[in-house]
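I opened a new notebook page for this structure. I wrote each entry after looking up one item.

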Amino acid sequence: MVNPILLIIVPLAFAFALPIVGLISKKIIKYIPVLVFLFNLIISLLLIPKVLDQTIIVKIGGFQPPFGINLFVGPVGILFSTLIALAGLLVSVYALSYIKEGPQEKYHILYLLLLTGATGVVLTGDIFNLFVFFEILCISSYALVAYFGNKAGIESSIKYLIQGSVGSSLLLLGIGLLYGQLGTLNMADIANQIHSISSPSIFVPMIFIITGLGIEAAIFPLNAWLPDAHSSAPSSISAILSGIAIEVGLYAVIRVIFTIFNASSFLMFFVFLGVLTLLIGEMSAFSQKNIKRMLAYSSIGQIGLIMFAVSLNTQLGVSAGLFQMISHTLGKGLLFLSVGFLIYKTGSMEISSFEGIGKKMPFTSLLFTIGAFSIVGLPPFAGFASKFMIIRAALSTGQLLFTILVGVILLGTVIEGAYFFKVIQSIYFKGNTDIIKSDEAPLIALIPMFIFALLIIFIGVYPDFLAKILNSAASEFINRIDYIRSVLG
Amino acid sequence: MEFLTDNIYYIGAFGLIFIGLFIILVKHNLIKVIIGLGILDTGINLFLIAIGYINNGTAPIFSKPGLEAGNMVDPVPQALVLTSIVIGVAILALALSLAIRLYKHYGSLDLRKIKEQRW
Amino acid sequence: MKKIISLILLFIICLGIIFCLQKIPFGAAKTKVGNYYIDNGREETGAANIVTSVVLNYRGFDTLGEVTILFLAAMGLGTVLATLQKKDKRQIEQASLILKTGCRFLFPLILLFGAYIFFHGHLTPGGGFQGGAIIASAFLLVYLGCRGRKINETGSKLTESIGGLVFLIMGLIGLTLGGHYFLSNFIPKGEINTLFSAGIIPIIYIAIGLKVGSELTGIIDNLMEKS
């Protein structure tokens with residue numbers, strides 16, 4: 001049986017070794033992330049059947065938890081690490097032809113470390129270890145947003161850095177307050193000693209930790225950095241930031257609320273916050289003229305939708321939220337990758353400059369359309385299956401409040417459809433109709449986009465393919481007693 | 001009065017956190033904001049170490065063979081602070097390099113003038 | 001206006017923290033996990049300095065993450081400053097004779113002191129990070145005092161990467177031999193309070209010390225050259 005710690009160690013080892021490889025030969029540097037994430041993807045897929053049987057606890061150094069750090073590889077962890085490896089592999093293949101200028105060796109090192117940090121956050125079982133890997137994720141994204149070095153990139157990066165650092169300082173403050181009272185840093189041990197959040201000395205650290213993690217997870221009103229950062233980064237990095245980084249941040253928030261603090265009474269507030277985030281994201285996206293800013297605001301809206309689904313606190317609700325996370329990664333990744341080459345060929349990020357490009361770049365525009373339909377939620381794409389599951393979960397609780405909120409979500413979907421159709425109409429139906437020679441994106445960039453689109457269609461047509469792992473993942477979040485028992489015995 | 005001298009470390013750590021957060025929220029010179037980040041980090045590190053103190057404890061090092069394990073301070077917050085100081089250094093290095101680049105682009109370090117990205 | 005809102009926000013945060021601090025009286029009794037480390041630290045790890053055994057053995061994974069973050073900072077700094085033009089050759093005023101001679105005299109002594117701190121990390125306060133920072137300050141002294149000398153960039157990159165890889169390889173060897181756990185202490189522990197004790201701890205600290213020293217030197221070199 002493969003030790004799951006290799007999922008974190010192998011990318012880290014290659015990231016340390018890349019400068020040495022760069023001294024030998026500069027040409028093979030860009031192929032190394034592809035190999036590393038292929039390895040990660042194979043290991044995660046091999047581990048899925050074993051993890052669904054029984055969760056794997058990896059003790060680091062051989063010490064019993066809570067006296068040593070442990071990794072908790074449950075259904076949630078393996079699902080996320082498969083998603084991270086898949087997205088990492090496809091975007092690194094895309095980057096073979098997209099990243100041509102600048103300090104390329106450093107791009108690949110930072111890219112490997114970003115995904116190492118993300119895998120570390122989802123697999124760890126210790127709260128200070130979560131903080132360390134979270135910092136690895138955040139610092140590499142600060143540096144990658146500023147990769148191009150233009151005015152917009154540096155400005156967005158410094159604003160992201162200041163807000164993110166304040167967030168991680170608050171997170172550390174919350175961890176310190178928890179350690180002072182409970183004396184341990186292991187998640188299962190903390191969960192064992194917290195029975196309710198009614199006393200203020202437990203409530204205040206929880207607020208600090210959620211605020212600190214929420215800045216990265218883009219919860220309203222902490223997401224002021226997101227539109228600037230996601231629109232100024234290189235498109236492959238925007239795909240990873242929108243698809244993986246904010247979802248990993250949201251995973252950390254969910255882990256803290258459900259498993260550690262057992263804060264079911266707090267979830268009501270979260271429901272409203274989610275719907276508010278959804279509305280503000282969609283309405284702001286409607287008025288954008290820059291395509292990447294529009295997609296960034298759409299990411300905010302989707303995070304609001306996932307928050308709403310998870311705060312329903314039922315088995316169906318949490319699995320619907322996780323399904324929405326998967327379809328958002330696939331859909332938004334496809335959108336950002338296709339937009340990358342559209343911008344490269346037209347030279348500008350304004351939507352008005354995309355008129356008529358549907359004839360010059362047929363494949364890329366078709367893939368953009370598939371991604372847009374999936375995010376809006378049209379059948380037979382993955383977005384439809386996940387949104388349908390969320391609405392079904394909300395209606396099955398039977399409470400009047402949730403039914404009204406479902407109406408608000410549908411309104412948000414209509415707004416989403418409106419702005420995406422505006423872009424698609426501009427791509428296909430406007431502009432002059434003389435046949436210009438087709439100036440398509442290179443083949444090696446089209447392959448990962450095709451694979452994303454195939455996965456979206458496949459999951460949309462057979463959603464039951466993921467049903468088993470989503471159900472086990474949801475029950476891991478809801479039954480925290482099982483979590484505590486598998487770690488502490 | 002005794003309350004002040006007993007909890008002087010906590011009050012000092014809070015003071016630093018408070019000052020750091022105030023600088024970040026209010027000042028508009030970029031270098032001052034970065035210094036505020038540094039002060040915030042220092043305050044939080046001081047707070048973490050203060051949590052681990054035991055009355056009349058010494059450093060947890062068994063330098064002489066006959067040393068008792070009786071009154072030593074908690075070693076875990078010291079390990080946490082080691083990591084946190086390094087993280088603070090990394091963030092300051094990255095922030096200063098971004099400030100250098102920003103000055104080359106805009107010619108000024110005033111955060112009120114660096115607002116090209118709008119709605 | 002902004003000042004008043006931020007003052008109110010900070011006041012609320014302070015109130016929250018004060019509520020919590022009622023439960024953490026200053027200088028209170030020991031916690032469960034801290035107790036265990038102090039009582040069993042010596043036998044299980046063989047290091048006399050309990051903080052070192054916590055940092056490198058019980059919570060070694062956090063230290064791996066920390067080493068990665070410093071590596072990341074050096075890479076990020078290199079990325080952001082990479083496309084900047086080198087500063088034009090201004091007429092740099094030569095330092096005085098006393099300063100030049102003093103820097104050249106002090107340089108090896110400071111290096112020796114830094115090396116002493118990370119070699120004895122398991123016996124006295126100190127360790128890899130502290131020693132590495134002292135080594136970097138020796139290089140900073142040379143940059144400031146004897147202007148015009150530069151470090152060998154290839155050598156510094158190699159030291160950085162090899163230091164990190166040694167840490168990972170020690171952990172992976174623990175995975176295959178020893179107790180089949182990552183980062184387990186598989187070298188015999190020796191007698192406590194001597195230099196060659198505590199298993200893998202001195203080896204990892206030497207690797208971390210050299211890595212941190214060359215990394216911080218690389219950061220200083222980048223900042224001095226490119227700005």
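How many residues does the contact take from chain B and how many from chain C? I looked this up and noted 39 residues from chain B and 40 residues from chain C. I also noted that the model is predicted.

**Chain B side of the contact with chain C**

I looked up which elements of chain B give two or more residues to this side, and found α2 (8–26), α3 (30–51) and α4 (76–106). The largest share comes from α4(B), with 15 residues. I then sorted this side of chain B by class and wrote down 29 nonpolar, six polar and four charged residues.

**Chain C side of the contact with chain A**

I turned to the contact between chain C and chain A, which takes 45 residues from chain C and 47 residues from chain A. On the chain C side, I listed α1 (2–21), α2 (32–45), α3 (50–58), α4 (60–80) and α7 (153–176), each supplying at least two residues. Which helix gives the largest share of the side of chain C that touches chain A? I found that α4(C) does, with 15 residues. By class, I entered 23 nonpolar, 15 polar and seven charged residues for this side of chain C.

**Chain C by itself**

I looked up the secondary structure of chain C and recorded eight helices and zero strands. Along the sequence, I read the pattern as α-α-α-α-α-α-α-α. Why is chain C described as more spread out than a compact globule? I noted a radius of gyration of 22 Å for chain C, while the globule rule gives 17 Å for 227 residues; the value is well over the rule, so chain C is more spread out than a compact globule. For the C-alpha trace of chain C, I wrote down spans of about 60 × 60 × 35 Å along the principal axes.

I checked burial in chain C next, and buried residues make up 44% of its 227 residues. Then I took the contacts in chain C with a separation of 6 or more, and found that residues 24 or more positions apart account for 73% of them.

**One residue of chain A**

I picked A:Ile481, which lies in helix α20 (residues 480–488) of chain A. Is A:Ile481 buried or exposed? I entered A:Ile481 as exposed, because it has 10 C-beta neighbours inside 10 Å and the cut-off for exposed is 12 or fewer. I also looked up the separation of A:Ile481 from A:Ala453, which is 28 residues apart from it along the chain, and noted 39 Å between their C-alpha atoms.

Conventions:
Residues numbered from 1 in each chain as written. Chains lettered and ligands numbered in written order. Predicted model: local features only at pLDDT ≥ 70, side-chain atom pairs only at ≥ 80, totals over all residues. Contact = placed C-beta atoms within 7 Å. Helix = DSSP H or I, 4+ residues; strand = E, 2+ residues; numbered from the N terminus. Nonpolar A, V, L, I, M, F, W, Y, C, P; charged D, E, K, R; others polar. Rg over C-alpha atoms; globule rule 2.2 N^0.38 Å. Buried ≥ 20, exposed ≤ 12 C-beta atoms within 10 Å, placed from the backbone.
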